[in-house]
Amino acid sequence: MAMPELLGVSPLAPPPVRRYRTRVGGFCVVLAGLALMEVSVTHAVKAAGYVADRGTVTVAHCRIHPARGRRNEESVCDGVYRPADGGAARDDAEIDGWYVPGERVTVYREASEYFLLSMRAFWGWMILFFLGMLGAAHGMVTIVVGFRRTTIAQFTAAREMVGCSLMAEPVKWLRRVGGVGALLCLLLALVSP
């Protein structure tokens, strides 16, 4: 007689029974991946400079204070924001990071927050876009398989199950494009000014 607690240990053990809660969780992971892709593309376009309220912040001074909810510290710089279109200057600008007093930083303004305009910020947001693709692919696999994979045999069984389903091609291309895109964007972010 087989002992149920040892079924997941053997490489010859059948995969566990499909669970609908796990599939719903996979669907939520797909939605989270798509939402991450949408948010990151929106911010990437803005970081590339396609935004209405552009300008520069002339840094006055920087300070370090504890981050919200974390043990780390973060640095914030205060300065004067001057819009590129020649509008009124604002002296309440705060940007994250550490800059030399007197340095001019190119930013865009959204509501009362200021964000960097640079290619490095663009590539950083694009990395998140491609990671969203990888997350969506993982969620699609979880939807098809219907169980959490914990052993090598279960990963092999899951690969075979996905290979026989209609999701095989989309998952394959999402993984390829997401992985290569994230690595390429990481390299470009490292060399960008």
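Buried means under 20% relative accessible area, exposed over 50%, and partly exposed in between, using a 1.4 Å probe and protein chains only. Those words will come up often in this tour of the chain.

**Source and confidence**

This is a predicted model, in which local features need pLDDT of at least 70, side-chain atom pairs count only at pLDDT 80 or more, and totals for chains, interfaces and linings use all residues. Residues are numbered from 1 along each chain as its sequence is written, and side-chain values use heavy atoms, with hydrogens and water left out.

The score behind those limits, pLDDT, is the predictor's confidence in each residue, from 0 to 100. Its mean over the chain is 84, with 88% of residues reaching 70 or more. Confidence is lowest in helix 3 (residues 152–163), at a mean of 82, and highest in helix 4 (residues 168–191), at 94. Please read residues 1–7 with care: pLDDT stays under 50 there, and the model has 2 contacts beyond four places in sequence for them. A contact here means heavy atoms within 4.5 Å.

**The overall layout**

The chain holds 4 helices and 5 strands, arranged along the sequence as α-β-β-β-β-β-α-α-α. Both kinds of element are DSSP runs numbered from the N terminus: helices are H or I with at least four residues, and strands are E with at least two. Of the 193 residues, 34% count as buried. Among contacts with a separation of 6 or more, 62% come from residues 24 or more positions apart.

**Residues in helices 1 and 2**

Helix 1 (residues 20–47) is the place of H43. With a relative accessibility of 18%, H43 counts as buried. Beyond its neighbours within four places in sequence, H43 is in contact with Y108 and W125. L31 also has its place in helix 1, but it counts as partly exposed at 43% relative accessibility. From L31 to G132 the C-alpha distance is 9.5 Å, although 101 residues separate them in sequence.

In helix 2 we find I127, which counts as buried at 17% relative accessibility. I127 touches A182, C185 and L186, setting aside residues up to four places away in sequence. I127 and G178 lie 51 residues apart in sequence and 8.8 Å apart in space, C-alpha to C-alpha.

**Strand 1 and a loop**

T58 belongs to strand 1 (residues 54–66) and is buried, with a relative accessible area of 19%. Not counting neighbours within four places in sequence, the contacts of T58 are D78, G79, V80, R82, G102, E103 and R104.

A111 sits in the loop between strand 4 (104–110) and strand 5. A111 is exposed, with a relative accessible area of 68%. Its phi is near 60°, a positive value in a residue other than glycine.

**Aromatic rings**

Rings of Phe, Tyr and Trp (its six-membered ring) pair if their centres lie within 6.5 Å; planes under 30 degrees apart count as stacked, over 60 as edge-to-face and the rest as tilted. The whole structure has 4 aromatic pairs, including these two:

| Pair | Centre distance | Plane angle | Arrangement |
|---|---|---|---|
| Y81 and Y114 | 5.0 Å | 50° | tilted |
| F129 and F130 | 5.2 Å | 75° | edge-to-face |

The pair of Y81 and Y114 links distant parts of the chain, with Y81 in strand 2 (residues 73–83) and Y114 in strand 5 (residues 113–116), 33 residues apart. Y81 is buried at 1% relative accessibility, and Y114 is buried at 7%. F129 and F130 are buried as well.

A charge sits over a ring if NZ of Lys or CZ of Arg is within 6 Å of the ring centre and within 35 degrees of the ring normal. R176 lies over the face of W173 in this way, at 5.2 Å from the ring centre.

**Where two helices pack**

Helix 2 (residues 119–145) and helix 3 pack at an angle of about 90°, with their axes 9 Å apart. That makes the two helices roughly perpendicular, a label for angles of 65 to 115 degrees; under 35 counts as roughly parallel, over 145 as roughly antiparallel and the rest as oblique. Helix 2 makes the contact through V141, V144 and V145, and helix 3 through A158, M161 and V162. The axes are lines fitted to C-alpha atoms, for helices over the stretch in contact, and angles run from 0 to 180 degrees between N-to-C directions.
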